[in-house]
Amino acid sequence: MKQMVPCFALISMVLFSAGVAGAHCQIPCGIYDDQMRVHMIAEHIKTIEKSMQEINRLQSDSPGNYHQLVRWVVNKEHHADQIQEIVSQYFMAQRVKMDDDDYTKKLVLLHKMIVCAMKCKQVPELSHAHSLRNYLKEFSALYFDQDHHKKKKAE
C-alpha cells in the first residue's frame with residue numbers, strides 16, 4: 001500500500017501538470033492553415049456577439065435567470081480568450097515575420113484585435129465585437145494580399 005501512494009502521486013503530477021494545447025504548436029513543422037485560423041477567429045466573434053445579445057436580454061429579465069446569465073458571460077470570455085491566443089500565439093509569434101512587408105501595420109491590427117477581445121470580456125457591448133470583426137477583415141486583407149505577392153515573386 002505504501003508503494004502505491006508515491007506511484008499515485010507521480011501519476012497525478014504528470015496528468016494534472018500537462019499543458020493545454022495552444023492555437024498551433026511552436027515546433028516549426030510547416031503545417032499551417034492561416035485561412036482556417038481566420039475562420040476560427042470569425043466564428044469566435046460570432047459566438048461573442050450571440051453571448052452579448054443573450055447577456056443583454058437576460059439582464060432585463062425579471063426575475064433574473066442568473067444561472068444562464070453566468071453561463072453566457074463565461075462563454076463570451078472563453079471565446080475572447082481563444083481569439084487572444086490565436087492572435088498572439090499563432091499570428092504574432094509564428095506567422096508575422098519582421099521582414100514582412102507592412103510588418104508594423106500587421107502588428108498594430110493584431111494588437112487592436114487583442115485589445116478588442118479584452119474589451120469584449122469587460123462589457124457586453126456589441127460595438128467591441130464589431131470593431132474586432134473589422135480589424136480581422138483589415139488584417140486578413142493585408143496578410144493574404146502579401147502572401148499572394150510573395151507567391152507571385154517566387155514564380
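**View 1. Asp 102 sits in the loop between H3 and H4.** This close-up, like the others here, shows a predicted model. Look at the backbone of Asp 102 to begin with: its phi is near 60°, a positive value in a residue other than glycine. Is Asp 102 buried, exposed or something in between? With a relative accessible area of 32%, Asp 102 counts as partly exposed.

**View 2. A cis peptide bond leads from Ser 62 to Pro 63.** Here is another loop with a backbone feature to look for. Omega is near 0° for the bond that joins Ser 62 to Pro 63. Pro 63 belongs to the loop between H2 and H3, whereas Asp 102 from the previous view is in the loop between H3 and H4.

**View 3. H2 and H3 cross at roughly 155°.** Now for the helices on either side of the loop that holds Pro 63. H3 covers residues 66-95, and its axis comes within 9 Å of the axis of H2. Because an angle over 145 degrees counts as roughly antiparallel, H2 is roughly antiparallel to H3. The crossing of H2 past H3 is left-handed.

**View 4. The side chains of Ser 51 and Asn 75 are joined by a polar contact.** Zoom in on Ser 51, a residue of H2, the helix of residues 34-59. How long is the polar contact between the side chains of Ser 51 and Asn 75? It is 2.8 Å. Beyond the neighbours within four places in sequence, Ser 51 is in contact with Trp 72 and Lys 76 as well as Asn 75. Ser 51 is buried, and its relative accessible area is 0%.

**View 5. H3 packs against H4 at an angle of about 165°.** H4 is made up of residues 103-122, and the axes of H3 and H4 are 8 Å apart. Which way do the two helices run relative to each other? H3 and H4 are roughly antiparallel, and H3 passes H4 in a left-handed crossing. To find your way along the interface, pick out some of the residues on each side. Those that H3 brings include Lys 76, Ala 80, Ile 83, Val 87 and Phe 91. Among those they meet in H4 are Leu 107, Leu 110, Met 113, Ala 117 and Cys 120.

**View 6. Cys 116 and Cys 120 have their sulfur atoms 6.5 Å apart.** If you are wondering about disulfides, the count comes to zero. Cys 116 is in no disulfide, and the cysteine sulfur nearest to its own is that of Cys 120. Why is there no bond between them? A disulfide needs sulfur atoms within 2.5 Å, so the 6.5 Å between Cys 120 and Cys 116 is too far. Both cysteines are buried: the relative accessible area is 8% for Cys 116 and 0% for Cys 120.

**View 7. Leu 136 is a buried residue of helix H5.** This last view moves to H5, which covers residues 126-154. Leu 136 has a relative accessible area of 6%. Which residues does Leu 136 contact, leaving aside its neighbours within four places in sequence? They are Val 38, Ile 41, Ala 42, Ile 45 and Met 113. You met Met 113 in View 5, where it was one of the H4 residues at the interface with H3. For a sense of distance, turn to Val 87: Leu 136 and Val 87 are 49 residues apart in sequence, and 9.9 Å separates their C-alpha atoms in space.

How values were computed:
Residues are numbered from 1 along each chain as its sequence is written. This is a predicted model: local features need pLDDT of at least 70, side-chain atom pairs count only at pLDDT 80 or more; totals for chains, interfaces and linings use all residues. Side-chain values use heavy atoms; hydrogens and water are left out. Helices (H or I, at least four residues) and strands (E, at least two) are DSSP runs, numbered from the N terminus. Buried means under 20% relative accessible area, exposed over 50%, partly exposed in between (1.4 Å probe, protein chains only). Contact means heavy atoms within 4.5 Å. A polar contact is a pair of N or O atoms within 3.5 Å; within protein, one must be able to donate a hydrogen and the other to accept it, and residues adjacent in sequence count only if both atoms are side-chain atoms. Axes are lines fitted to C-alpha atoms, for helices over the stretch in contact, and angles run from 0 to 180 degrees between N-to-C directions. Angles under 35 degrees count as roughly parallel, over 145 as roughly antiparallel, 65 to 115 as roughly perpendicular and the rest as oblique. A crossing is left-handed if the near helix is turned anticlockwise from the far one by less than a right angle, and right-handed if clockwise.
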